[in-house]
Amino acid sequence: CALSCAPAMIMCMTSRSWWRLAVVAAAITIVSAPWGLSQPWLVAVFKPMATMAIMAHAWGRGHDMPGARRGVLLGLTLSLVGDIALLWSSGFLIGLVAFLLAHLTYLSVFAKAAPLFARRAPFVAYALVGSAVLMGLWPGVPAGLRLPVLAYVFCLCLMAAQAAVVWLRAAPGRERRRAAGLALGAACFVASDALLAINRFAVP
């Protein structure tokens with residue numbers, strides 16, 4: 001009976017419910033990472049689950065902006081591919097490329113919401129952050145991965161900076177609050193990737 005009711009339950013879940021599931025799954029993923037409980041099987045289950053929940057949340061939103069909605073869903077799909085690929089050490093490069101393409105997709109969406117480089121400060125700030133991360137990682141990055149890692153950090157910081165531009169140029173009120181969430185999410189993406197990269201390349 002539970003199995004037969006599952007599709008109906010999924011259809012009835014609200015956008016807010018999917019978002020709550022994403023937050024819980026992301027929290028379990030963070031706690032289960034090598035710097036926490038170090039339980040790879042929990043990461044393997046809940047990291048893709050968090051991304052899929054975010055996809056379900058996004059699916060029910062943005063119908064008034066079909067172009068942006070398609071771009072975000074494509075970026076999330078690429079992120080899911082990256083999440084799954086990174087569950088295996090042999091899939092690192094595939095995951096890196098998938099996330100790089102995801103960030104470029106997000107960047108194209110953000111560039112339509114606000115002119116690219118419309119504010120310089122976010123790009124200067126993220127350039128400094130990206131440079132600091134690369135300086136810390138560089139000695140431990142294998143020669144064959146240095147160009148892909150450099151390209152990834154560049155695209156990641158570019159995307160996050162443009163998300164901040166969207167926030168800074170948003171009109172006060174609901175639009176500004178939504179844009180603030182966007183900028184915060186991008187900043188969290190940079191912080192999360194920096195921690196993962198440090199764990200992979202800088203920690204003995």
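Here is a short chat about aromatic rings in this predicted model.

Biologist: How many aromatic pairs does a search of the whole structure find?

Modeller: Two rings count as a pair if their centres lie within 6.5 Å. Searching the whole structure on that basis, the number of aromatic pairs comes to 3.

Biologist: Take phenylalanine 92 and phenylalanine 201: is that pair stacked or edge-to-face?

Modeller: Their ring centres are 5.6 Å apart, and the planes make an angle of 85 degrees. Planes over 60 degrees apart fall in one class, so this pair is edge-to-face.

Biologist: Which helices does that pair link?

Modeller: The two residues are 109 apart along the chain, so to speak, in distant parts of it. Phenylalanine 92 belongs to residues 92-113 and phenylalanine 201 to residues 174-202. Those are helix H5 and helix H8.

Biologist: And what about phenylalanine 99 and phenylalanine 189, how are their rings arranged?

Modeller: The centres sit 6.1 Å from each other. Because the planes are at 80 degrees, the pair is edge-to-face.

Biologist: Is phenylalanine 189 buried or partly exposed?

Modeller: Its partner phenylalanine 99 is buried, at 7% relative accessible area. Buried needs a value under 20%, and phenylalanine 189 has 23% relative accessibility. That makes phenylalanine 189 partly exposed.

Biologist: Which residue has its charged end over the ring of phenylalanine 92?

Modeller: Phenylalanine 92 is itself buried. The charged end over its ring is 4.0 Å from the ring centre, and it belongs to arginine 200.

Biologist: Which ring does the charged end of arginine 69 sit over?

Modeller: The charged end of arginine 69 is 4.6 Å from the ring's centre. The ring is that of tryptophan 59.

Conventions: Residues numbered from 1 in each chain as written. Predicted model: local features only at pLDDT ≥ 70, side-chain atom pairs only at ≥ 80, totals over all residues. Heavy atoms only, no water. Phe/Tyr/Trp six-rings, centres within 6.5 Å; stacked < 30°, edge-to-face > 60°. Helix = DSSP H or I, 4+ residues; strand = E, 2+ residues; numbered from the N terminus. Buried < 20%, exposed > 50% of the residue type's maximum accessible area, 1.4 Å probe, protein only. Lys NZ or Arg CZ within 6 Å of the ring centre and 35° of its normal.
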